[in-house]
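Q: Please take a close look at a single part of this structure: one loop residue and its surroundings. Then set that part against the rest of the chain.

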Amino acid sequence: MSLSSETTNQFIAVGSFILALVALIISIVALSGNSGNGAPQVTLNIPSAYNDGSTVNGEDKVWLLHIGNTDTNIEYINEESGQVEGFNVDIINAVCRIANKNCRLVFDVYSNCWMNVAGETARGGHGLMAGWFDSCAAWPISKQRARTFRFGDPFSQPPAEVFVTLKDNPNGFDWHDLTNKKIGFIDASGVNSHCLATQDDVITGAVLEENQILHYTDTAQIIAALTENKIDAAFLMIARARHEDLETISEELRLCDRKGFAMMTRYDGKLIDWWNPAQAKLLASKEYAAICEDVRDAHGHKQGQDPADFCIGI
């Protein structure tokens with residue numbers, strides 16, 4: 001007996017429906033088997049600080065720590081590995097290991113931690129405010145930032161800041177008088193025009209007009225601006241000022257940052273609760289002294305400060 005073409009089409013339609021239904025059921029079962037809560041597992045490939053790939057203290061929490069690049073011995077990119085290295089990274093690795101926490105470094109621009117815009121109030125960066133990171137690592141504690149963020153205990157001495165020009169100060173810049181002078185600053189740095197404005201009783205013209213304030217992303221841009229006479233001088237953290245093309249023309253000042261480098265979090269963050277005790281153990285150990293020595297040994301090929309200038313008790 002032969003089937004009509006209409007009947008044959010009906011069988012084909014029913015068969016296709018059944019196959020589609022079976023495929024859907026198999027997909028649902030496969031997804032539910034990927035995790036206990038019915039959601040598929042997703043693995044993030046984020047640069048590692050300390051992470052052995054296992055669950056730590058029964059926690060699956062991955063602590064995301066922002067890191068940047070000052071291109072100095074405290075924080076720089078290793079061109080061969082592509083990863084950030086330096087004093088700050090060594091501190092992070094040690095503290096996370098001591099606390100037995102799963103930490104990952106997340107590289108991003110500094111302005112996602114702290115934002116400075118000429119003519120505007122300095123404020124928290126969108127990344128930390130929005131919870132992209134659990135902490136911004138190794139930020140000097142300043143009065144401005146402490147109004148917005150919580151800080152851990154410092155693991156270094158307070159950094160100094162200085163005025164710089166090109167080598168030999170070719171235009172005879174006098175840092176005691178900033179009247180009508182254009183000054184360069186690094187984006188997101190605590191060494192900024194807001195801090196400088198508090199020194200108007202010491203430095204003439206310290207309260208700069210908006211057109212006197214120029215921001216740059218790194219030291220290379222500062223040098224280019226000085227070379228092209230776009231700025232008269234720059235006001236920088238001392239580690240950035242240690243460059244073969246720059247001349248430090250002021251004494252070492254401590255106007256902007258009242259304490260040393262520390263972890264910076266939102267006030268509802270939990271990282272500092274375990275970070276401070278682990279960091280205290282590190283600072284009391286020989287390992288901290290070894291990390292400071294590595295600023296000369298392992299990271300000595302990069303410009304920056306001597307560890308005696310910023311390590312605690314060294």
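A: A polar atom of the Q212 side chain lies 2.9 Å from the backbone nitrogen of E209. The model is predicted, so that distance is a computed one. Q212 is found in the loop between α5 and β12, the latter spanning 213–216.

Is Q212 buried or exposed? Q212 is buried, because its relative accessible area is 9%, and the cut-off for buried is under 20%. Its contacts, leaving aside neighbours within four places in sequence, are L178, T179, N180, K181, K182 and I183.

Helix α5 covers residues 193–196, and S193 has its place there. S193 also counts as buried, because its relative accessibility is 11%. With neighbours within four places in sequence left aside, S193 is in contact with F185 and I213.

Now the core. The largest nonpolar core has 51 residues. The members that touch the most others are L65, F87, I91, F163, F235, W274 and W275. Helix α2, residues 87–99, gives the largest share of this core, with 8 residues. Another core, of 17 residues, lies apart from it. Among its members are L64, C136, F151 and A262.

Take L65 in more detail. Residues up to four places away in sequence are not counted here. L65 touches I92, C96, C103, R104, L105, V106 and S135. L65 also touches M263, L271 and W275. S135 is the bridge partner of L65 in β8. Strand β2, residues 63–67, pairs with β8 in the parallel sense, over 2 bridges. Why is strand β8 described as largely enclosed by the rest of the structure? Strand β8 runs over residues 135–142, and 8 of its 8 residues are buried, so the strand is largely enclosed. In a regular strand, side chains alternate between the two faces of the sheet.

Last, the whole chain. The secondary structure comes to 10 helices and 15 strands. Buried residues make up 44% of the 314 residues. Take the contacts with a separation of 6 or more: residues 24 or more positions apart account for 75% of them. The accessible surface comes to about 16,000 Å². Carbon and sulfur atoms hold 52% of that surface.

Definitions and conventions:
Residues are numbered from 1 along each chain as its sequence is written. This is a predicted model: local features need pLDDT of at least 70, side-chain atom pairs count only at pLDDT 80 or more; totals for chains, interfaces and linings use all residues. Side-chain values use heavy atoms; hydrogens and water are left out. Helices (H or I, at least four residues) and strands (E, at least two) are DSSP runs, numbered from the N terminus. Buried means under 20% relative accessible area, exposed over 50%, partly exposed in between (1.4 Å probe, protein chains only). Contact means heavy atoms within 4.5 Å. Accessible areas come from the Shrake-Rupley method with a 1.4 Å probe; for residues, only the protein chains shown count as cover. A nonpolar core is a set of buried Ala, Val, Leu, Ile, Met, Phe, Trp, Tyr and Cys residues joined through side-chain atoms within 4.5 Å. Two strands pair if DSSP finds at least two bridges between them. A polar contact is a pair of N or O atoms within 3.5 Å; within protein, one must be able to donate a hydrogen and the other to accept it, and residues adjacent in sequence count only if both atoms are side-chain atoms.
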